[in-house]
Amino acid sequence: SHAPGQIEGVIYTELRALILDHLRKLSREEEYVVRRFYFESVPLNAIARELRISKKRVNTIKTRSISRLRTAMSYDRRTPSFLQTDFSHDHGMHSP
C-alpha cells in the first residue's frame, strides 16, 4: 500500500526529470529563462536585468520555450498520456 502523496511524489519526480532532459535541448538563453522563472521562481524583471534585455524580450523567450517544450514532450514516449497533446486535429488529419 502506498502512503498518501507517494504516487504524486513519484509522478512529480519523473516529470521534473523529463522536463529537465528536454530543457537541455533548448538554446542556452531559453534554458536559462525557463530554469530561473519556473524552477527558481525568479521574476521576469530580475531575469531581464541579469540578461541585460527587456522584460518583454524575456517573456517572449519564455513563451517560445514553453511552446517548444510542450511540442517536444508531446512526441516523447516517456510523457504520460494525460499530458500529451493530440496535434492531429490541428492539421486536418481526421479519421474517416
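**Exercise 1. Place serine 65 and list what it touches.**

Start with the contacts. Leaving aside neighbours within four places in sequence, serine 65 is in contact with Leu26, Glu30 and Val34. Contact means heavy atoms within 4.5 Å. Next, the location: serine 65 sits in helix α4. Helices are DSSP runs (H or I, at least four residues), strands are E runs of at least two, and both are numbered from the N terminus. Last, the exposure. Serine 65 is buried, because its relative accessible area is 0%. Buried means under 20% relative accessible area, exposed means over 50%, and partly exposed lies in between (1.4 Å probe, protein chains only).

The model is predicted: local features need pLDDT of at least 70, side-chain atom pairs count only at pLDDT 80 or more, and totals for chains, interfaces and linings use all residues. Residues are numbered from 1 along each chain as its sequence is written, and side-chain values use heavy atoms, with hydrogens and water left out.

**Exercise 2. Work through the salt bridges, starting with glutamate 30.**

Side chains of opposite charge can pair when their charged atoms come close. The rule for a salt bridge is a side-chain nitrogen of Lys or Arg within 4 Å of a carboxyl oxygen of Asp or Glu. The count by this rule is 9 salt bridges.

Step one: glutamate 30. Its side chain meets that of arginine 68 in a salt bridge, at 2.5 Å from N to O. Glutamate 30 belongs to helix α2 (residues 28–39) and arginine 68 to helix α4, so the pair ties together parts that are 38 residues apart in sequence. Glutamate 30 counts as buried, at 2% relative accessibility. Arginine 68 is partly exposed, with a relative accessible area of 39%.

Step two: glutamate 31. A salt bridge joins its side chain to that of arginine 35 (2.8 Å, N to O). Both residues lie in helix α2, 4 residues apart, or about one turn of the helix. Glutamate 31 is buried, at 19% relative accessibility. Arginine 35 is partly exposed, with 27% relative accessible area. Elsewhere, salt bridges that share partners join Asp21, Arg24, Asp76 and Arg78 into one network.

Step three: one bridge in that network. Aspartate 21 forms a salt bridge with arginine 78, and their closest N and O atoms are 2.8 Å apart. Aspartate 21 is in helix α1 (residues 6–23) and arginine 78 is in the segment after α4, so this pair ties together parts that are 57 residues apart in sequence. Aspartate 21 is partly exposed, at 24% relative accessibility.

**Exercise 3. Describe how α1 packs on α2, and α3 on α4.**

Two packed helices are described by the angle between their axes and the distance between the axes. Axes are lines fitted to C-alpha atoms, for helices over the stretch in contact, and angles run from 0 to 180 degrees between N-to-C directions. Angles under 35 degrees count as roughly parallel, over 145 as roughly antiparallel, 65 to 115 as roughly perpendicular and the rest as oblique.

Take α1 and α2. They pack at an angle of about 155°, with axes 10 Å apart. α1 and α2 are therefore roughly antiparallel. Arg16, Ile19, Leu20 and Leu23 of α1 make the contact with Glu31, Val34, Arg35 and Phe39 of α2.

Now α3 and α4. Their angle is about 105°, and their axes are 8 Å apart. α3 and α4 are therefore roughly perpendicular. On the α3 side, the contact uses Leu44, Asn45, Ile47 and Ala48; on the α4 side, Lys55, Val58, Asn59 and Lys62.

**Exercise 4. Name the buried residues of α3, then find what they pack against.**

Helix α3 spans residues 44–51, and its buried residues are Leu44, Ala46, Ile47 and Ala48. These buried residues pack against α2 and α4.

**Exercise 5. Inspect the positive phi angles at serine 41 and arginine 52.**

Serine 41 is not a glycine, yet its phi is positive, about 55°. Serine 41 is in the loop between α2 and α3. Serine 41 is exposed, with a relative accessible area of 60%.

Arginine 52 is not a glycine either, and has a positive phi of about 60°. Arginine 52 lies in the loop between α3 and α4. At 77% relative accessibility, arginine 52 is exposed.
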